[in-house]
Protein chains: 2
Amino acid sequence: MDPFLQAAIEEAQTGLREGGIPIGSVLIYQGKILGRGHNKRVQQKSVTLHGEMDALENAGREPASVYRESILYTTLSPCPMCSGAILLYGIPKVIIGENQTFMGSEQLLREHGVEVIVENDPTCIQMMEEFIAKNPALWNEDIGEP
Amino acid sequence: MDPFLQAAIEEAQTGLREGGIPIGSVLIYQGKILGRGHNKRVQQKSVTLHGEMDALENAGREPASVYRESILYTTLSPCPMCSGAILLYGIPKVIIGENQTFMGSEQLLREHGVEVIVENDPTCIQMMEEFIAKNPALWNEDIGEP
């Protein structure tokens with residue numbers, strides 16, 4: 001497996017062990033991990049730190065020149081907020097673990113020229129299927145659904 | 001002036017006094033301020049806490065039923081990330097201090113049925129014009145521009 005998708009999955013698994021929502025992400029620049037993160041809704045009571053946002057936050061302040069040569073990996077199709085962050089910073093490529101359990105704003109990303117690759121990785125799918133089945137209310141809260 | 005826009009401006013002014021970027025926001029639910037915040041790029045080295053995101057974060061975890069009856073005030077037209085957060089949580093109405101110094105994703109919001117009101121308030125415009133003139137590199141970093 002792509003080692004960066006593996007790193008994103010490991011972040012998701014860390015989140016699950018912490019009692020959180022298992023979505024992880026890594027930001028890659030020049031072949032190295034610049035930032036890694038996972039969903040912090042439960043752990044930090046955060047409504048903004050989805051996995052992708054946490055990876056961006058942990059990467060720290062960077063100029064546009066860095067973002068515009070970076071790749072974002074995420075275990076799950078990015079929601080409107082995370083997709084908006086990708087567009088804000090001009091990240092040109094996103095590699096998505098799966099979009100079977102949740103379909104994010106992939107169309108919006110593509111419309112703005114972002115290269116979007118969906119792996120539909122079985123580990124990612126199983127992780128979210130199990131989590132959603134066990135925690136439907138928490139999951140709905142995370143995606144703004146009633 | 002609308003007291004909630006005034007509260008958002010006060011948040012922006014607080015950010016400016018802290019040495020930060022003067023953009024503020026408040027989230028309103030049932031006629032009261034549920035959360036208030038301002039851009040924290042400088043203060044917390046945060047790349048995700050734009051003013052609107054900080055207000056959402058400070059409001060804390062809420063169910064969709066709350067967001068869907070809330071109003072978000074922001075001193076500046078919301079960028080793609082903040083607009084994405086508005087769409088994620090289904091906030092139906094956004095009141096914007098100004099969109100003269102920066103045009104965010106207002107069209108995307110309207111396409112998704114969000115009511116968008118732009119006040120073009122002179123205080124908001126002057127605050128950002130002065131800030132951008134004095135801090136062009138910091139401002140460009142905040143909006144992902146080179």
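**Two cysteines, a central strand and a two-fold pair**

C82(A) is buried, with a relative accessible area of 1%. This description concerns a predicted model, and the cysteine just named offers a convenient point of entry.

C82(A) takes part in no disulfide, and the nearest cysteine sulfur, which belongs to C79(A), lies 3.9 Å away. A disulfide requires two cysteine sulfur atoms within 2.5 Å; the sulfur of C79(A), at 3.9 Å from that of C82(A), is therefore too far away for a bond. C79(A) also counts as buried, because its relative accessibility is 4%. Over all chains, the structure holds zero disulfides.

From the cysteines the account passes to strand β1 of chain A. This strand covers residues 24-29, and six of its six residues are buried, so the rest of the structure largely encloses it. Its side chains alternate in direction: G24(A), V26(A) and I28(A) point one way from β1(A), while S25(A), L27(A) and Y29(A) point the other way, and all of them are buried.

Two further strands pair with β1(A). One partner is strand β2 of chain A, residues 32-38, which runs antiparallel to β1(A) and is joined to it over six bridges. Within this pairing, I28(A) has I33(A) of β2(A) as its bridge partner. The hairpin formed by β1(A) and β2(A) has two residues between the strands, and Q30(A) adopts a positive phi near 50° there. The other partner is strand β3 of chain A, residues 70-76, which is likewise antiparallel to β1(A), with five bridges between them. Here L27(A) stands opposite L72(A) of β3(A).

Beyond β2, the chain enters a loop that leads to helix α2 (51-59) of chain A, and K40(A) has its place in this loop. Is K40(A) buried or exposed? With a relative accessibility of 11%, K40(A) counts as buried, since the limit for that class is under 20%. Leaving aside residues up to four places away in sequence, K40(A) touches K45(A), S46(A), L49(A) and D54(A).

The final step is the relation between the chains. In general, two copies of a chain are related by a rotation about an axis and a shift along it. In this model, chain B is superposed on chain A by a rotation of 180° with 0.0 Å of shift along the axis, at an RMSD of 0.0 Å. That is the relation of a two-fold axis. Both copies use the same surface, as 100% of the contact residues of chain B recur in chain A.

Notes. Residues are numbered from 1 along each chain as its sequence is written. Chains are lettered from A and ligands numbered from 1 in the order in which they are written. This is a predicted model: local features need pLDDT of at least 70, side-chain atom pairs count only at pLDDT 80 or more; totals for chains, interfaces and linings use all residues. Side-chain values use heavy atoms; hydrogens and water are left out. Copies are superposed by least squares on the C-alpha atoms of residues with pLDDT of at least 70 in both. Contact means heavy atoms within 4.5 Å. Buried means under 20% relative accessible area, exposed over 50%, partly exposed in between (1.4 Å probe, protein chains only). Helices (H or I, at least four residues) and strands (E, at least two) are DSSP runs, numbered from the N terminus. Two strands pair if DSSP finds at least two bridges between them.
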